[in-house]
Amino acid sequence: MKAARIIVDVPARQTDRPFDYKIPSKWEAFVQVGMRVIVPFGPRKLQGFIIDIREVEESENMKLKEVEELLDLTPVLNEELLGLGFWLKEETLCFTISAFQAMLPAAIKSVYQKRLILRNETSNELQTLFGEKDSIAWKDLPEALYRAVKAAIAAEEIEVVYDVRDRVQRKKQRVIGPAASKRALEELAASVRSAKQQDVLYYFIENHQEVAAHTLKEELSMTDAPIKALVKKGILYEKEIEVYRNPYDDEQFERTKPFPLTVEQQAAIAPILSTIENEQQRTFLMYGVTGSGKTEVYLQSIEAVLQKGKEAIMLVPEISLTPQMVERFKGRFGSQVAVLHSALSAGEKYDEWRKIQRKEVRVVVGARSAVFAPFENLGIIIIDEEHESSYKQEDNPRYHARDVAIRRSEYHHCPVILGSATPTLESFARASKGVYELLTMTKRMNEQALPSVEIVDMREELRKGNRSMFSTLLHEKIADRLQKQEQIVLFLNRRGHSTFVMCRDCGYVMQCPHCDISLTYHRATQRLKCHYCSHEEFLPKDCPACQSQYIRFFGTGTQKVEEELTKLFPQARVIRMDVDTTSKKGAHEKLLTAFGQRKADILLGTQMIAKGLDFPNVTLVGVLTADTMLHLPDFRASEKTYQLLTQVSGRAGRHHLPGEVVIQTYTPEHYSVQLAKKQQYDTFFEQEMHIRKLHQYPPYYYLTLITVSHPNLLQAVQVTEKIAAMLRQKCTPQTIILGPVASPIARVKDRYRYQCMIKYKREPGLKEVLRFINEHYQTAMIKEQLQISIDFNPTML
Ligand code: ADP
Ligand code: ZN
Ligand code: ZN
């Protein structure tokens, strides 16, 4: 007799442990660890994951509840991923179930429906409720009948069942095929009377193979009837097959061949190839300027991995996962590539994931969560643009893809490559210490010069009486490019640039009623929106505080820049890319394609245009305000500014036309701006490391952020104070506990947020202390709406 240990989908501290269930004998033969099941849990039926199967005595088995449903015929989590799940739980202090779910596509999180089935005669009133149907959904049950239904359940007249289905259905397609030989079809065609049926027969005489029903009907422009008639006669057969939703049509990608590598590329790839060959674990930091040929090195490393019969994971930040990027991988490896990113529908993601699981592909190109791709024979994991903060998940489990990648590479004995033109200080410091191996690429392909960068002091512009968002220099250069019919990219930093609405008389700023943040004005809908809780309201006609009519919007959102651009350059065709214009599926790609086809002169946008784009005709890049990011309350502000300016500059002059960059700033003397202009990462690294050391920040110290939130302000403060006190008592004296202080946004969705920060060099007992704190507040978290979140190495402060 067999019993299963199961992690059930109840994300709560006291249930974060496995539960035992008996396995019905009909499944004993093929049930495996890593499969999903449905189990009874109290009054509910819930999904769970089998983590262990063991033989048990009859006497013990008797006491166990039974697994109700087996959801998989092949495990969705293999041994490695199960282990990785437990590791994630320990690393991030999340619930085991959350760790498992994070590794799988959302589509396979099942949904349940509680249904009532009529088994026997019952009271008239219930009988009427069912009518002709033999089952009804619980949610459709009128409340007045609850008591009667309960009684009927007790009397076994009505049974309660749970329908379980995956959130996304597999896509099915009806296909038609010939059930007789060509010769037989020819004979039939001669004798059959219906002209339509004859057409169908001739079709199959010519193409003696299966075809999709809809294709057949389209080609012969006919209805289903003649086809059905032939199926009925047994001349044709029909069946349903599963098809994948294919977000990328493979035909579109022209196959490319590997380039002969340059000397620099050869030097970089050699140690990677030997690591692949010797099946070792090594982590490389590939520090190479934009355009130095990093991607080509990735491609050829993957090629070597495929040669060895192994698989590859290629991670790319969400915003760089453009069609151009996909094309480079599909162009080299064709249909061996699966793509995973958030612009795909849940169904498409599910299908791409299953191609991986069924070993139908051997390369995945994807955003953060693709690091969990269920390959069983990994030969390499590459993380491009490793400095991108999107590699850290900001929700439970708060993992960093880099840590997961290194963990997996230890299991598979394979290399990890972290690539960047502007590595994080953490990674570069590790490379300097020899923890990672540094590979350097300093030359741009074809000896292209880096674009020339000019810095414009916007304070000077004001002094000269120019109040526009465009300096005289940038204005001139835009006019020049428009005249030469070359293209321009204008970059506006979104963070710190919300378009808020303020009263010019009394200074009142429209705020979200639920969050401590000003509302953002959206011109298209004339509405004000909160970007934290999605509260929306109409723009008031007059000021809610003083009734003045001079209530106006401020700030320079992309919409406002677009307006000014059209005023200054009425003839220019502008494409604007921001959250508003790219929210629809596929919109992002459409806009970029249009720009690539030169249907516009100027591409104006936020972060999302900063990287990955490669347009040969762009010769001018303008950064409207370089320093908005510098003033954020974030110790990484300088680092992020340096990265961003470097990245944006890399967009200009990638091909035969020389590029120019204009950076407008209010702090031209800042070292981030100056060193980005000169492209001196090494100097920047040294200077910034010095500051980090001085202020006790990473990479010299580790950080852990604890955020407490509660609908009641006093509660939030008191709990945070108590947590800080506990930490001070239990941590070593060298560890610094900062706080409690209000979070940068002190109220979100009507909850007050307080935080404390732990800075430490070594604190081996920290996890233990934090686990203790979690347990201490367990009841309050369930009963009193208290939330405590723990974030190791937070990326955003
Ligand atoms: P990065 O990823 O560092 O920005 P890429 O790999 O995109 O650099 O290379 C920049 C350009 O140079 C691309 O158009 C690429 O196809 C081309 N390229 C890369 N390596 C070679 C090579 N060895 N010979 C010729 N062209 C190359
Ligand atoms: Zn809000
Ligand atoms: Zn007012």
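In which strand does C503 lie? Select C503 in this predicted model: the residue belongs to strand 21, which covers residues 501-503.

**First stop: four cysteines**

Extend the selection to C503, C506, C543 and C546, the positions at which an unreviewed UniProt entry places the feature "binding site". These residues span 44 positions in sequence, yet no two of their C-alpha atoms are more than 8.6 Å apart, so the four gather at one spot.

**Second stop: the surroundings of C503**

Return to C503 and display its neighbours. Is C503 buried or exposed? C503 is buried, because 21 other C-beta atoms lie within 10 Å and 20 or more are enough for that description. Leaving aside residues up to four places away in sequence, C503 touches Y508, C543, A545, C546, S548, Y550 and I551.

**Third stop: C543**

Now select C543, which is found in the loop between strand 24 (536-538) and strand 25 (551-553). C543 is also buried, with 20 other C-beta atoms within 10 Å. With residues up to four places away in sequence again left out, its contacts are C503, D505, C506, Y508, S548 and I551.

**Fourth stop: ligand 1**

Finally, centre the view on ligand 1 and show the 14 residues around it. Which of them come nearest? They are F259, G293, K294, T295 and M445. Next, colour helix 11, residues 294-307: this helix supplies three residues, the largest share of the shell around ligand 1. Colouring the shell by class shows four nonpolar, eight polar and two charged residues.

Technical notes: Residues numbered from 1 in each chain as written. Chains lettered and ligands numbered in written order. Predicted model: local features only at pLDDT ≥ 70, side-chain atom pairs only at ≥ 80, totals over all residues. UniProt positions renumbered as here; feature names shortened; annotations may be inferred. Helix = DSSP H or I, 4+ residues; strand = E, 2+ residues; numbered from the N terminus. Buried ≥ 20, exposed ≤ 12 C-beta atoms within 10 Å, placed from the backbone. Contact = placed C-beta atoms within 7 Å. Near = placed C-beta within 6 Å. Nonpolar A, V, L, I, M, F, W, Y, C, P; charged D, E, K, R; others polar.
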